[in-house]
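Subject: Structure for your files

Hello,

Here is the structure I said I would pass on. My notes on it follow below.

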Amino acid sequence: MLIVMEHGATPEQIETVVQAVRRLGLAPQPIPGENRVAIGVLGNQGYVADEPFRDLPGIQELIHVTKPYKLVSRDFHPGESVIAVGTARVGWGLPPVAIAGPCTVESREQVRATAKAVKAAGAGILRGGAFKPRTGPHSFQGLGYEGLDYLAEAGREVGLPIVTEVMRIDQLERVAAVADCLQIGARNMQNFDLLKEVGRVGKPVVLKRGVSATLEEFLAAAEYIVIEGNPNVILCERGIRTFERALRNTLDLAVVPYLRQVTHLPVVVDPSHALGRRDLVIPMSKAAIVVGAAGVMVEVHPDPARALCDGPQSLDLAGFAQLMAELRAARA
Ligand code: PEP
Ligand code: MN
C-alpha cells in the first residue's frame with residue numbers, strides 16, 4: 001500500500017500514520033515528494049486493509065499496490081539510483097558507460113589484450129565470463145575460477161572494474177571476493193534462490209532480462225535482490241525471443257524509456273546478445289544511447305573468428321574503438 005498524505009500534512013500527522021503502520025507489524029517507508037509526502041507500506045504478504053487508516057487526519061489517498069514489485073518502482077523511491085561499480089557510475093542521465101570485454105575468458109593473453117584495448121577506447125567496466133551458461137553441454141563451458149583470476153588480473157592491470165556472471169549460489173562467495181559487480185544471466189533471471197543470495201552480498205548486480213520475461217517479471221526479479229538489502233541493481237535488456245528469427249533475438253529498445261518512467265534503477269542495453277551479428281552492434285548501440293540507456297554491454301574479442309563463444313557478434317578491438325568514437329559523436 002502507498003499512503004499519500006495531503007499537501008499540508010503536518011509532521012505529527014505523518015508520524016501518526018507511521019506508527020499506525022508499525023502497529024500492524026509492517027514497515028513504513030516515508031517517501032518525500034515535491035508536493036506531498038507518501039508513506040510506502042512494506043512487509044505485508046497480502047492485502048492491507050484500509051480500516052486502521054481511514055480516520056487518521058492528513059491522509060489524501062490510500063493506493064493498493066497490486067504489482068509484484070515496490071522497492072524498485074518510482075512510487076516507492078524518489079529520484080534515480082546511481083550504481084557505483086568500482087570507479088564507474090551507472091545511472092539515468094549520467095554519461096553512458098560502456099561495459100566491454102569477451103563473452104568468455106579464454107586465456108590470460110586474450111583477456112589482457114582485450115582489457116588494454118577497451119580501456120584505451122574508453123570503456124568503463126570490463127566484462128568476461130568465467131562460468132558460462134551454454135545452450136549445449138558439448139560447448140566450451142568457460143575456465144571457471146582460472147578465468148576469474150585472469151579477468152581480475154586484467155582489470156587490475158588496466159584499472160577497470162570487472163563484471164562476471166555467477167550461475168550458482170556456491171560460486172557467489174569466491175566470485176564476489178574478486179568481482180566488482182555480479183552478473184545474473186538471462187537464463188537465471190528467475191532463479192529466485194540465487195537472486196535472494198545475490199541480494200545478501202554487498203556487490204552491485206547486472207540483472208539480464210530473461211528471453212521471454214515480461215517487464216513486470218523483470219522488475220519483480222530485481223525486487224528479489226533489492227528486498228534482501230542490496231539496492232545496487234543495473235537492469236540489462238539483451239533481446240527477447242519473438243516469432244522473428246532473422247536475428248538472434250529481438251532487441252526491445254522501447255523498454256529503455258518505458259522503464260525510466262517505472263523504475264529508478266538504471267537500464268543498460270546489450271546489443272551483442274540481442275542481435276547475434278557484429279555489423280548491427282554499432283547502430284543499435286547508438287540507438288540505445290539515443291533513447292536514454294545508462295550504458296551498453298558489448299562483446300569484444302581480439303580475434304572474433306577464433307572465439308570459443310559468440311564470435312559472430314563480437315567486435316574486434318578496432319571495431320570497439322569505432323563504436324566508442326561513434327557513440328561520442330552521437331552524444332555530441
Ligand atoms: C553473457 O552476457 O555472456 C550472456 C551469457 O548473456 P545472456 O545471459 O544475456 O545470454
Ligand atoms: Mn556471450
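Asp-310 is buried, since its relative accessible area is 16% and the cut-off for buried is under 20%. The residue sits in the loop that runs between strand E14 (295-299) and helix H11 (317-331). Its phi is near 60°, a positive value in a residue other than glycine. For background, most residues other than glycine have a negative phi. Please keep in mind that this is a predicted model, so the angle at Asp-310 is a computed one.

Overall picture

The secondary structure of the protein consists of eleven helices and 14 strands. Its radius of gyration is 21 Å, close to the 20 Å that the globule rule gives for 332 residues, so the protein is as compact as a globular protein of that length. The C-alpha trace spans about 70 × 45 × 40 Å along the principal axes.

Of the 332 residues, 52% count as buried. The protein exposes about 14600 Å², and carbon and sulfur atoms supply 52% of that area. Among contacts between residues at least 6 apart in sequence, 69% join residues at least 24 apart. As for charge, there are 35 positive and 36 negative charges, and their mean positions are 5 Å apart.

Helix H7

Helix H7 covers residues 215-226. At 1.5 Å a residue, its twelve residues should span 16 Å; the C-alpha atoms at its ends are 16 Å apart, which agrees.

Is H7 mostly covered or mostly exposed? It is mostly covered, with nine of its twelve residues buried. The buried residues are Leu-215, Phe-218, Leu-219, Ala-220, Ala-221, Ala-222, Glu-223, Ile-225 and Val-226. Glu-223 is thus among the buried residues of this helix. The cover over the buried residues includes two helices, H6 (192-200) and H8 (255-262), and two strands, E11 (205-208) and E12 (233-237).

Individual residues

Thr-114 belongs to helix H3 (residues 108-121). Its relative accessibility is 0%, so Thr-114 counts as buried. Setting aside residues up to four places away in sequence, Thr-114 touches Gly-101, Pro-102, Val-300, Pro-302 and Leu-317. One of these partners, Pro-302, is 188 residues from Thr-114 in sequence, yet the two C-alpha atoms are 6.1 Å apart in space.

Leu-26 lies in the loop between helix H1 (11-23) and strand E2 (27-31). With a relative accessible area of 16%, Leu-26 is also buried. Apart from residues up to four places away in sequence, Leu-26 touches Val-21, Val-41, Leu-42, Gly-43, Asn-44 and Val-48. Lys-208 is 182 residues away from Leu-26 along the chain, and their C-alpha atoms are separated by 31 Å.

Asp-180 is in the loop between helix H5 (172-178) and strand E10 (181-184). Is this residue buried or partly exposed? At 26% relative accessibility, Asp-180 counts as partly exposed. Its contacts, again without residues up to four places away in sequence, are Val-85, Gly-86, Pro-161, Ile-162, Lys-203 and Pro-204. Lys-196 is 16 residues from Asp-180 along the chain, with 18 Å between the C-alpha atoms.

Asp-252 is placed in the loop between E12 and H8, and both of these elements help to cover the buried residues of H7. Beyond its neighbours within four places in sequence, Asp-252 is in contact with Arg-209, Glu-237 and Ile-240. Met-167 is 85 residues from Asp-252 in sequence and 24 Å from it in space, C-alpha to C-alpha.

That is what I have for now.

Regards

How values were computed
Residues are numbered from 1 along each chain as its sequence is written. Chains are lettered from A and ligands numbered from 1 in the order in which they are written. This is a predicted model: local features need pLDDT of at least 70, side-chain atom pairs count only at pLDDT 80 or more; totals for chains, interfaces and linings use all residues. Side-chain values use heavy atoms; hydrogens and water are left out. Helices (H or I, at least four residues) and strands (E, at least two) are DSSP runs, numbered from the N terminus. The radius of gyration is taken over C-alpha atoms; the globule rule is 2.2 Å times the number of residues to the power 0.38. Buried means under 20% relative accessible area, exposed over 50%, partly exposed in between (1.4 Å probe, protein chains only). Contact means heavy atoms within 4.5 Å. Accessible areas come from the Shrake-Rupley method with a 1.4 Å probe; for residues, only the protein chains shown count as cover. Lys and Arg count as positive and Asp and Glu as negative; His and the chain ends are not counted. The place of a charge is taken as NZ of Lys, CZ of Arg, CG of Asp or CD of Glu. The expected span of a helix is 1.5 Å times one less than its number of residues.
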